[in-house]
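Morning, everyone. Let me walk you through one structure. Please have a look at it first.

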Amino acid sequence: MRHFVDINTQTHLRILNASVPLCCIPKDSSLPSPTIDSLALVDINIVEGKVIGIHAARGSAGYVNHNVGIVDLRHGMVLPTFVDLHTHIDKAQTGERSRNADGTLSGADRSTASDAEFWNQDDVYRRMDFSLKCAYAHGTSALRTHLINMSDKQMQLTWPCFKILKEKWKGKVELQGVSLVVLSFFRDEQKAVQLANLVKSAGGMLGAAVCCAENGGDPNDDWTTCDRDRDALLDRVFTLAKERDLDLDFHVDENGNERAKGLLYIARKTIQHGYQGRVVCGHCCSLCYQGDQDLEVTMQAAKDAGVTVVSLPLVNQWTQDRDQQGRRTPRWRGVTLLHELRSKGIPVAMASDNTRDQFFAYGDLDMLEVFNQGCRMAHLDRPYQDWATTVGSVPADAMNLPQHGRIAPGLPANMVLFKARGYSELLARPQWDRVVLRNGVAIDAEVPDYSELDTVPNERRYTADQLSAVPSELPCMPHPEPLQVLPNNVLNSVPDLKSGAKSAAAA
């Protein structure tokens, strides 16, 4: 990427006249009065890759030392490197080869299952690695991904790739993994135990989708709502996690149904099992349709349970309230009640969720884009206050990564520098010339070229719904040589995923 400022590698670096959100740095009475958008103008002192001081800006005239690198940002903004709490990099970049024909959640389920024919170890690894390249180049230092685990083959494909990539990207992107199944999966106790053991061996987290289908909350939804045995299934999830000391991360209420109350059910189980502070709930879209009394009960339970709620603004505005025929404009934005949750004292984060797959046709794992669109959709800009923590310290705390998502003395100098001098300028343009510092050094990473993913012939890039539209003859794309990164014993032990495997419904 072309950087707006050149930063030479120096043992000692001073970043001058930086506009930093007060919520991203330690409280200090000596700092100047913040701007109307809660930005403080500071100088940041970095030695051997760590921040050693943050002081009120003094201007370049105050520093004369030839052994110190000086970077004057002239009021340009600085944010901590981003923390992406909820992604799906195992199915990322599959949206064009198996397109969601109508853009709905149910359409996403069908086309995700259709894409299974393309899944093998090379394909999954390639797309996951591509995703991490994108995130790293944009300035993300920690990322949690959900992994589809509805079948044995999916488990055998995703977790080996996860473990290899976790090691490969160590020190660049701290990678965490969560098993993704629907709640009804846990009816099979033997399979549930096998999954929990696999997750434990891989260093992951346990997850499930609760009240998350298009008809989530309806008693007829026996896939994610499970009215007849929901309590017993949630007890099993929590018990498996407690026995193995696993954190929990749920997909919850991803719909606009007033009857979808998965967040309430999970919060109550969290308290019952003494698991406060170890549970994340993503989506929670149906809160927008709860009555005031039900909403108060749910939010109080979530607060008492120490649940972190993560909103996925890009994805939920794309799928929620979508007309299958494409004839009606959506009436709501899909995002959860960020203002109300935060005012209740519930930690709230925002994340990328899906990227160029069946649940969202776009995205690039750029957390600045997530923050940008979240501010617009949820009106987080009047005032901005501490909303920057939703892509920094809040998700970092949920991931138990206290050194991420914040700028402070003693921490690694991991931050993103912008030419933009305030939020208005920051969120008006894509900021492709940003500078990402890792341990005080500017990285030279660029987002990868999409041609790296050209592994599926054109004539096979259609879902079952679209076969009638496929021309009889189409040119084939070249298939690159298989990756040599994976050990042979891993490749030989994992069968290809065959067409028709059932996929998890949640995005």
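I'll start with the whole chain, then turn to the cores, the cysteines, two helices and one lysine.

One thing up front: this is a predicted model. The protein chain holds 13 helices and 16 strands. There are 507 residues in it, and 59% of them are buried. Now take the contacts between residues at least 6 apart in sequence: 80% of those join residues at least 24 apart. As for the surface, the chain exposes about 20,700 Å². Carbon and sulfur atoms supply 47% of that area.

Next, the inside. How many residues does the largest nonpolar core have? It has 128. Ile15, Ile44, Phe250 and Met415 are the residues with the most contacts inside that core. Let's stay with Ile44 for a moment. Leave out residues up to four places away in sequence, and Ile44 still touches Leu13, Arg14, Ile15, Ala18, Val20, Val51, Gly53, Val78 and Met415. Apart from the largest core lies another one, of 13 residues. Its members include Val83, Ala351, Val394 and Ala398.

On to the cysteines. The disulfide count is zero. Look at Cys211: the nearest cysteine sulfur belongs to Cys212, and it is 8.0 Å away. A disulfide here needs the sulfurs within 2.5 Å, so Cys211 is in none. Cys211 counts as buried, at 0% relative accessibility. Cys284 is in no disulfide either; the nearest cysteine sulfur, on Cys281, is 5.4 Å away. Cys284 also has 0% relative accessibility, so it counts as buried.

Now helix H10, residues 367-378. What span should its 12 residues have, at 1.5 Å a residue? The answer is 16 Å, and the end C-alpha atoms are indeed 16 Å apart. Nine of the 12 residues are buried, so H10 is largely enclosed by the rest of the structure. Among those nine are Met367, Leu368, Phe371 and Cys375. What do the buried residues of H10 pack against? Three strands come up: E6 (82-87), E7 (140-148) and E13 (348-350). Helices H8 (313-319), H9 (338-343) and H12 (423-426) are partners as well. Check both ends too. At the start of H10, a side-chain oxygen of Asp366 comes within 3.0 Å of the backbone nitrogen of Leu368. Just after H10 sits His379, with a positive phi of about 55°.

Helix H2 is next, residues 121-138. Its 18 residues should span 26 Å at 1.5 Å a residue, and the end C-alpha atoms agree, at 26 Å apart. Is H2 enclosed or open? 17 of its 18 residues are buried, so the rest of the structure largely encloses H2. At the start of H2, a side-chain oxygen of Asn120 reaches to within 3.1 Å of the backbone nitrogen of Asp122. After H2 comes Gly139, whose phi is positive, near 115°.

Last stop, Lys261. Where is it found? Lys261 is in the loop between strand E10 (248-252) and helix H6 (262-272). Buried or exposed? Its relative accessibility is 16%, and the cut-off for buried is under 20%, so Lys261 counts as buried. The side chain of Lys261 reaches the backbone oxygen of Glu258 at 2.9 Å. Setting aside neighbours within four places in sequence, Lys261 is in contact with Cys211, Asp253, Gln290 and Asp294. That brings back Cys211, the buried cysteine from earlier.

Thanks for listening.

Technical notes: Residues numbered from 1 in each chain as written. Predicted model: local features only at pLDDT ≥ 70, side-chain atom pairs only at ≥ 80, totals over all residues. Heavy atoms only, no water. Helix = DSSP H or I, 4+ residues; strand = E, 2+ residues; numbered from the N terminus. Buried < 20%, exposed > 50% of the residue type's maximum accessible area, 1.4 Å probe, protein only. Contact = heavy atoms within 4.5 Å. Areas by Shrake-Rupley, 256 points an atom, 1.4 Å probe, with all protein chains shown as cover. Core = buried A, V, L, I, M, F, W, Y, C linked by side-chain atoms within 4.5 Å. Expected span 1.5 Å × (residues − 1). Polar contact = N/O pair within 3.5 Å; in protein donor to acceptor, adjacent residues only side chain to side chain.
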